[in-house]
Amino acid sequence: QRRANQEAIDNLQQTSNSASESLENTIQQNEALTKQVEDLQAAASEDQQTIRDQQDQLEELGQQVNDLTRSAQAMDWFWQINEAYVRGRYTQARELIAGMGTELASCLPKESVTDTDRFSPYDRYQEICAALGVEG
């Protein structure tokens, strides 16, 4: 009976040791999985920030495209106004100025890109408006 009890105790001890090892393995796996989750959350957070940054850049580029489009439209009007004024077609120049409007006129470049000490398109437009007695 003593031998049977000893065998039962040994079996229980082996089972206990096996359960302890299994528990330790489970804890280690849990810690590894927790670390993986933290790493994935950090990566997801970085990805979300990258997406936000790219969306901001996209909006900024969209605004630049819009500004350049408006500037090109304003220049189109300006060249027609300047041409009419230079040819002495003052009524036509006034009509074009009215059609262009002040909002689009504000999109004209305010700096000359040529190194000729000439007016910028905006300054020339203002000069024409003043000469025609029109508010620009």
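Select helix α1 and colour its buried residues: they pack against α2 and α3. The model on screen is a predicted one. The buried residues to pick in α1 are S71, A74, M75, F78, I81, N82 and A84. An α-helix has 3.6 residues a turn, so residues three or four places apart point the same way.

Now show the whole of α1, residues 2–86. The helix has 85 residues. From its first C-alpha to its last, α1 reaches 123 Å, close to the 126 Å expected at 1.5 Å a residue. Just after α1, stop at G88, which takes a positive phi of about 80°.

Go back into α1 and select S71, which lies in this helix. Is S71 buried or exposed? With a relative accessible area of 16%, S71 counts as buried because it falls under the 20% cut-off. Show its surroundings next: leaving aside residues up to four places away in sequence, S71 touches C107 and P109.

Between those two contacts of S71 in the numbering, select L108. Which residues does L108 touch, not counting those up to four places away in sequence? They are A74, M75, F78, M100, P121, Y122 and Y125. Of these, A74, M75 and F78 are also among the buried residues of α1.

L108 leads on to the largest nonpolar core, which has 16 residues. Select I81, I97, M100, L108 and Y125, the members that touch the most other members. Then colour by element: α1 (2–86), α2 (90–105) and α3 (121–132) each give two or more residues to this core. The most come from α2, with six residues.

The last stop is the largest pocket. Select W79, R118, F119, S120 and P121, which of its 14 lining residues lie nearest its centre. P121 was met earlier as a contact of L108. The space in this pocket is about 200 Å³. Which elements supply at least two residues of the lining each? They are α1 and α3. The largest share, three residues, comes from α1. Colour the lining by class to finish: six residues are nonpolar, five are polar and three are charged.

Methods. Residues numbered from 1 in each chain as written. Predicted model: local features only at pLDDT ≥ 70, side-chain atom pairs only at ≥ 80, totals over all residues. Heavy atoms only, no water. Core = buried A, V, L, I, M, F, W, Y, C linked by side-chain atoms within 4.5 Å. Buried < 20%, exposed > 50% of the residue type's maximum accessible area, 1.4 Å probe, protein only. Helix = DSSP H or I, 4+ residues; strand = E, 2+ residues; numbered from the N terminus. Contact = heavy atoms within 4.5 Å. 1 Å grid on protein atoms, 1.4 Å probe; cavity = no way out; pocket = protein on both sides within 12 Å on 5 of 7 lines; lining within 4 Å. Points joined across faces, edges and corners; volume = space filled by probe spheres on them. Nonpolar A, V, L, I, M, F, W, Y, C, P; charged D, E, K, R; others polar. Expected span 1.5 Å × (residues − 1).
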